[in-house]
Amino acid sequence: MSSSFAIHFFLISIPLFSVCCLSASHAPNTKPHPFILPIKKDPATNLFYTSVGVGTPRHNFDLTIDLAGENLWYDCNTHYNSSSYRPIACGSKQCPDVGCVGCNGPFKPGCTNNTCPATTINPLAKFLFGGGLAEDFIFLVQQKVSGLLSSCIDTDSFPSFTNDESPLNGLPKNSRGIIGLSKSHLALPIQLASANKLPSKFSLCLPSSNHQGFTNLLVGAGEHPLGISKFLQTTPLIVNPISTGPVSVEGVASKEYFIDVKAVKIDGHVVNLKPSLLSIDNKGNGGTKISTMSPFTELQTSVYKPFIRDFLKKASDRRLKKVAAVAPFEACFDSTSIGNSATGPVVPTIDLVLQGGVQWSIHGGNSMVMAKKNVACLAFVDGGTEPVMSFVKASIVIGGHQLQDNYVVFDVASSKLSFSSLLLLHNATCSHS
């Protein structure tokens with residue numbers, strides 16, 4: 001019997017883990033270099049993933065990128081073993097006194113006794129899964145890093161589960177876990193920056209194709225190799241004081257990334273939205289967050305309906321020919337009636353007006369998707385009206401399609417977000433062939 005366990009989604013409260021003792025090999029007296037990981041896009045799921053190596057001998061894993069993920073976890077099934085795997089003991093400096101997980105054997109990574117518990121979260125799965133916190137060598141491209149805390153789960157220990165009940169449900173076919181990039185102390189960027197005296201920031205450049213990109217995930221710096229940084233605009237990252245997602249830490253704010261959208265414009269016209277929808281209420285609902293696990297931007301129904309209405313009106317003004325909807329999209333058009341430009345399909349421009357007066361402009365390359373032959377649809381979906389179960393719900397969730405080919409810097413230390421808007425404006429992309 002494995003130490004991994006599964007529970008139905010519900011709100012629970014746990015304290016934070018502490019992190020220490022992470023290091024990478026650097027020459028003496030040299031400035032630490034940022035960590036760079038390439039990102040690929042999975043065309044089947046429209047999710048993004050990167051590759052890391054784990055353990056001794058090195059095992060390579062494709063891990064899905066989750067901006068809300070609180071740790072790095074991977075599948076340590078019956079085909080996996082590592083001689084350098086070290087479980088974190090309950091009650092140790094790296095683990096608060098929150099109980100233990102154990103296992104009846106055979107003992108291996110993911111099956112140990114007196115081990116600090118760790119939650120393995122896949123927001124696309126039906127269950128929460130738990131395992132043990134551990135330390136092992138992690139390889140980021142060719143950099144070998146020691147002291148990184150992660151979790152693993154033996155997916156073979158759930159033989160009766162159907163595919164949609166699996167810890168890997170909904171992830172790209174070859175993905176064997178998740179790499180979390182949230183503000184959690186166990187998130188990869190926070191651990192790497194803290195131990196290597198790097199700025200607590202990371203940047204993402206999500207590719208629009210499944211070609212490998214360049215410096216797509218960069219931890220510890222925010223400089224784009226093509227000098228795009230000079231085009232960045234900056235807005236504050238705001239705090240949602242209520243824990244979000246399937247796991248709640250009582251009295252601790254959300255670890256997800258929220259921004260303050262003041263208004264939404266379509267071709268310069270302000271969409272008539274209730275101001276309260278754009279703010280975070282005392283239950284943590286509302287506001288705008290950024291997600292790599294939502295393939296397309298999701299709008300709460302009260303935001304979605306006026307947004308779609310105004311977009312269709314502006315599209316009609318441009319003489320775009322509306323056609324039947326293609327699920328999950330509502331606003332679809334005959335693509336032959338849409339012109340093309342350097343920034344993609346020529347459609348109404350969407351602007352998110354942010355705190356500080358800056359605007360995140362969403363052009364056709366980020367707003368439209370080819371749903372089928374000769375049909376282009378607005379890649380925004382109705383996110384429903386009510387929070388699912390006990391989860392809090394944002395009014396706007398900026399999804400992966402709107403993030404791709406957009407250079408985004410998350411400055412965690414300064415609580416700032418910098419963004420380029422569509423890189424095609426600057427004759428650049430996040431992909432190369």
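**Notes on the aromatic pairs**

1. A good place to begin is Phe 61, which is buried at 7% relative accessibility (buried means under 20% relative accessible area, exposed over 50% and partly exposed in between, with a 1.4 Å probe and protein chains only). Tyr 80 is buried too, with a relative accessible area of 3%.

2. A word on the basis: this is a predicted model, where local features need pLDDT of at least 70, side-chain atom pairs count only at pLDDT 80 or more, and totals for chains, interfaces and linings use all residues. Residues are numbered from 1 along each chain as its sequence is written, and side-chain values use heavy atoms, with hydrogens and water left out.

3. Searching the whole structure gives eleven aromatic pairs (rings of Phe, Tyr and Trp, the last by its six-membered ring, pair if their centres lie within 6.5 Å; planes under 30 degrees apart count as stacked, over 60 as edge-to-face and the rest as tilted). In one of them, the ring centres of Phe 61 and Tyr 80 are 5.7 Å apart and the planes stand at 55°, so this pair is tilted. Phe 61 belongs to strand β6 (residues 59–66) and Tyr 80 to the loop between β7 (72–75) and β8 (86–87), so the pair ties together parts 19 residues apart in sequence (strands are DSSP runs of E, at least two residues, numbered from the N terminus).

4. Phe 61 and Tyr 80 also form one aromatic cluster with Tyr 74.

5. Do look at Phe 202, buried with a relative accessible area of 0%, and Tyr 257, buried with 1%. Their ring centres are 6.1 Å apart and the planes at 65°, so the pair is edge-to-face.

Notes:
Helix = DSSP H or I, 4+ residues; strand = E, 2+ residues; numbered from the N terminus.
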